[in-house]
Amino acid sequence: MNILEGLNPAQAEAVTTTTGPVLILAGAGSGKTKTLTHRIANLIANEGVWPNRILAVTFTNKAAREMRHRLASLVEADASHRDFMPWMGTFHGICVRLLRIDGHTIGVGRNFVIYDEDDRQALVKQAMKQLSISDRDIKPSQISSAISNAKNKLQTPDDLKGEARYPFQQHLATIYDRYESMRRDAGALDFDDLLLEAVRMLQSSPELAKKWRDHFEHILIDEYQDTNAAQYQLVKILVNQSKNICVVGDDWQSIYSWRGADFTNILNFERDFPGCHVVKLEQNYRSTGNILEAAHNVIQKNDQRSDKKLWTSAGDGSPVTVHGIYDENEEARLVAERISSQVAIGARKYDDFAVLYRTNAQSYTLERLFLQLHIPYQLVGGVRFYDRKEIKDIIAYLRLIYQPNDRMSFSRIANVPTRGIGATSMEKFFDWQSNQGLDIITALEQIAMAGIISGKARQSMGSLAAILRRLQSMAETEAPANIIEAIINDTGYRHYIDDGTPQADERAENLGSLINEAQAYASLDDFLEEVALMSSADTTSDGQKVTLMTLHAAKGLEFPVVFIVGMEEGIIPHSRVFDSPAELEEERRLCYVGMTRAREELHLSYTHSRMQFGQRSYNPTSRFISDMGEGVVSTGPTHLGGFAPQNLPDDELFYSDEPGFDIGDQVRSSMFGDGEIVDIDGLAVTVRFSSGQSKKLNTQFAHLQKL
DNA sequence: TCATTTAACGTTTTT
DNA sequence: CGTTAAATGA
């Protein structure tokens, strides 16, 4: 049996300890996916566990897909039952499956649609309108994320109402409540509901909980450090008497606390499952010694962390390089030239490189230059394929056919392509529809006869109803790809996007790709689910291209050469975390994750100045740079020819931390009038002006005059 | 009702 | 700076 071959002793121990709780503390690059895959293979091939009785949770769909492939090739040798695969997927995906099977017990219909971030925010907006709460004082986006937070902590509107102490919280609870009833009426679940409702379902019925507890003999969870309260609760419910639960994770790589993830879940695993078997994977197979050492030195500065020391037998390798650059354009140029020259001499291929950054906005400069220099690149994240307008429109049609109560989707497509159904007609329609208690398609059919709505709109609604009804019956027999084609043709959408602009072709192409994607799915619910749960990390890498992505998106990946750009205070660590020690530690972990993606070369850069918010800003070098230690770091070129800083006046080249102001100084600004300095933070001063408002200003730009 | 213009606004990270 | 949402006029 080759399943145990090629594993080191710690990995083998993790694979062969098949009963009872197991905690695998796996450092970066220690072969954790391999261990997990082999563990599953071993359970199936050597322990005789029925694959269907195994639940394996991964962080992304891509990870699940990869694991499935590796598992297939491992087990294939003696596994005749290829169709039988373990339950594999993300928490969200698993919950969808559970809810489709048993959701009806708590009133969740089988054909629910899944709302994404945009849908949720749009619905919040509608809820606020209904409650006549102005979106000037309270931002829908703020409410939307607050609702998400509440759901991740399993809090209901009533829970919030109970502890509401400020007007905002009361409003929040009210809007949340209305949002929930509107969402239910639409037959929809949002992202967080998938977890929340699955937990609620299992908690509501002891028999149901027992059914699934008995079903899953083995549970494995990857990236356990990034589980949130709802996911944790789900795990606790599903683990049965024999406690065959195996979690893998690394608290040093926990970077999703802003999404409700709680890495103390992994630190407390031993407490939750007493007597658990702990395996530490500390041998790193990915990076060279210098990279590992520098990354280690950065993470050491955190207080909230477990103790471990990764090691490698790979040798020191080249030192980590640090480049101080003039501005973000020069930074992009440095990266581009490094890549081009290495590819030109045949030392590397384009897909050996990854450029990592903290915020998506930073990709812009890189993209522009890469396009100019004809460097092929692939952007992970950013504007997702499924976020494009034309794609979302078609998806909305599909959703409406699938779930004819989905108002959100109907609102989106009612007048797309334009058919003369305006805001007033829509309002009348919704009023009438909810009074009659009909689903949207039926209501459309009947409103034409009711004489509520006049002229053109009335006629349009009638013909739209006919089209939708026909598509709906089609959906019972036809594959998703055919339905999409029918939508594009029958609704006049194809003609609608062909508006003569240069983007018309691109849109048509996108629709073609959508049909292609859909070919892979046999049923509408599978396709809609896949679309809804698709993540940016799930974009398949294709061909010889440099990869551009955020540090977050890089989790779990590796590249021979990694650039991390924007190593500046305010970017990494991000300025929004400065007053929170816990969040600062997360930034440090994020930096650690980025650094440990590199196999052979790691290049870091920071700039003297950078355009942010359309303003030039001057950020000090990131504190993480000085934490890396001197032995492993070599300082690279600090500028490139042509745009060298020495061409510039001295006073723009260097700045001191002393802005020449003190707290309490009276100053005059040409923009805001007179005021008093109330706070100083490096080059930024906060001024309270006589008008009453406070402003944070950069002393280099504001031209404040001392009085 | 729709298209064009104008204003505001936002940038952390995403299943 | 660049994008999207509201406002305005036709």
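**Close-up views of a predicted model**

In this predicted model, a polar side-chain atom of Lys125 sits 3.3 Å from a phosphate oxygen of DNA strand C.

**View 1. Lys125, Tyr364 and Gly614 surround DNA strand C.** Start with the DNA: the residues around strand C are these three. Lys125 places a polar side-chain atom 3.3 Å from a phosphate oxygen of the strand. Tyr364 also reaches the backbone of the DNA, with an N or O atom of its side chain 3.0 Å from a phosphate oxygen of strand C.

**View 2. Helix 5 packs against helix 8 at an angle of about 115°.** Here we stay with the part of the chain that holds Lys125. Helix 5 covers residues 117–130 and helix 8 covers residues 167–185, and their axes are 9 Å apart. Because angles of 65 to 115 degrees count as roughly perpendicular, helix 5 is described as roughly perpendicular to helix 8. The crossing of this pair is right-handed. From helix 5, the contact takes in Arg120, Leu123, Val124, Gln126, Ala127, Met128 and Gln130. Helix 8 brings Ile175, Arg178, Tyr179, Met182 and Arg183 to meet them. Sorted by character, the residues of this contact are 7 nonpolar, 2 polar and 3 charged.

**View 3. Helix 6 and helix 9 pack at an angle of about 25°.** Next comes the pairing of helix 6 (residues 140–152) with helix 9 (residues 191–204), whose axes are 9 Å apart. That angle makes helix 6 roughly parallel to helix 9. Helix 6 passes helix 9 in a left-handed crossing. Look for Ser148, Lys151 and Asn152 on helix 6, which make the contact with Asp192, Asp193 and Leu196 on helix 9. The residues of this contact divide into 1 nonpolar, 2 polar and 3 charged.

**View 4. Helix 14 and helix 26 pack at an angle of about 175°.** In this view, helix 14 spans residues 289–299 and helix 26 spans residues 581–595, with 9 Å between their axes. Such an angle makes helix 14 roughly antiparallel to helix 26. Helix 14 contributes Ile291, Ala294, Ala295, His296, Val298 and Ile299 to the contact. Facing them in helix 26 are Arg588, Arg589, Cys591, Tyr592 and Met595. The residues of the contact comprise 8 nonpolar, 1 polar and 2 charged.

**View 5. Ile572 and Pro573 are joined by a cis peptide bond.** Omega is about 0° at this bond. To find the spot, follow the loop between strand 13 (559–564) and helix 26, where Pro573 is found. For context, most peptide bonds are trans.

**View 6. Glu223 has a positive phi.** The value is near 50°, in a residue other than glycine. Most residues other than glycine have a negative phi, so this one is worth a look. Glu223 is found in the loop between strand 6 (218–221) and helix 11 (229–238).

Technical notes:
Residues are numbered from 1 along each chain as its sequence is written. Chains are lettered from A and ligands numbered from 1 in the order in which they are written. This is a predicted model: local features need pLDDT of at least 70, side-chain atom pairs count only at pLDDT 80 or more; totals for chains, interfaces and linings use all residues. Side-chain values use heavy atoms; hydrogens and water are left out. A residue is near a molecule or strand if one of its heavy atoms lies within 4 Å of it. A polar contact is a pair of N or O atoms within 3.5 Å; within protein, one must be able to donate a hydrogen and the other to accept it, and residues adjacent in sequence count only if both atoms are side-chain atoms. Axes are lines fitted to C-alpha atoms, for helices over the stretch in contact, and angles run from 0 to 180 degrees between N-to-C directions. Helices (H or I, at least four residues) and strands (E, at least two) are DSSP runs, numbered from the N terminus. Angles under 35 degrees count as roughly parallel, over 145 as roughly antiparallel, 65 to 115 as roughly perpendicular and the rest as oblique. A crossing is left-handed if the near helix is turned anticlockwise from the far one by less than a right angle, and right-handed if clockwise. Contact means heavy atoms within 4.5 Å. Ala, Val, Leu, Ile, Met, Phe, Trp, Tyr, Cys and Pro count as nonpolar, Asp, Glu, Lys and Arg as charged, and the others, Gly among them, as polar.
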